Amino acid sequence: DTLVENLDERRGVLLTSSYEFPGRYARWSLGFVDPPLQISGTGSKCTIEALNPRGRLLMPAIQKTMDALLNDGVLEKVVPSTDVGMLDGSGDSLESM
């Protein structure tokens, strides 16, 4: 299966640049499927959700960093949640404002 075909049914992204300038810029492509985290935001609210076991592994480090930002006054509030339904049922998420 190719990355493009996988993106029809799975979460992920494909970024490409066709711009080329000799000696300075080259064409490139970068992509992946099944990311560990989803980061979304609206206004001043940001939500980080674990989408699979790899994402759950990252959540404690993210929580620690967000708590430090809260203590430094960068964030107004951090809310851990287990109410969000994840693809694997993990339900881990963090919200900040």
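Start by selecting Gln63, which you'll find in helix H2, the stretch covering residues 53–71. Keep in mind as you click around that this is a predicted model.

Is Gln63 buried or exposed? Its relative accessibility is 19%, so Gln63 counts as buried, because the cut-off for that label is under 20%. To see what sits around Gln63, show Val78, Pro80 and Leu94: Gln63 touches these three, leaving out residues up to four places away in sequence.

Next, stay in the neighbourhood of Leu94 and select Ile62. Setting aside residues within four places in sequence, Ile62 is in contact with Leu37, Ile48 and Leu94. So which residues make up the largest nonpolar core? Select Leu37, Ile48, Ala50, Met59, Ile62, Met66, Leu75, Val78 and Leu94, and you have its nine residues on screen. Now colour by secondary structure: strand S4 (45–50) and H2 each supply at least two residues of this core. H2 gives the most, with three residues. Notice that Val78 and Leu94, both touched by Gln63, are members of this core too.

Now for the surface. Jump to strand S1, residues 12–17, and pick out Leu15 there. Leu15 has a relative accessible area of 39%, so it counts as partly exposed. Add Trp28 and Leu30 to the selection and switch on the surface view: together with Leu15 they make a nonpolar patch of about 300 Å².

That's the last stop. If you want to retrace the route, go back to Gln63 in H2, then to the nine-residue core, and finish at the patch made by Leu15, Trp28 and Leu30.

Definitions and conventions
Residues numbered from 1 in each chain as written. Predicted model: local features only at pLDDT ≥ 70, side-chain atom pairs only at ≥ 80, totals over all residues. Heavy atoms only, no water. Patch = residues over 30% accessible without salt bridge, like charges linked within 9 Å, V, L, I, M, F, W, Y side chains within 5 Å. Areas by Shrake-Rupley, 256 points an atom, 1.4 Å probe, with all protein chains shown as cover. Salt bridge = Lys/Arg side-chain N within 4 Å of Asp/Glu carboxyl O. Helix = DSSP H or I, 4+ residues; strand = E, 2+ residues; numbered from the N terminus. Buried < 20%, exposed > 50% of the residue type's maximum accessible area, 1.4 Å probe, protein only. Contact = heavy atoms within 4.5 Å. Core = buried A, V, L, I, M, F, W, Y, C linked by side-chain atoms within 4.5 Å.
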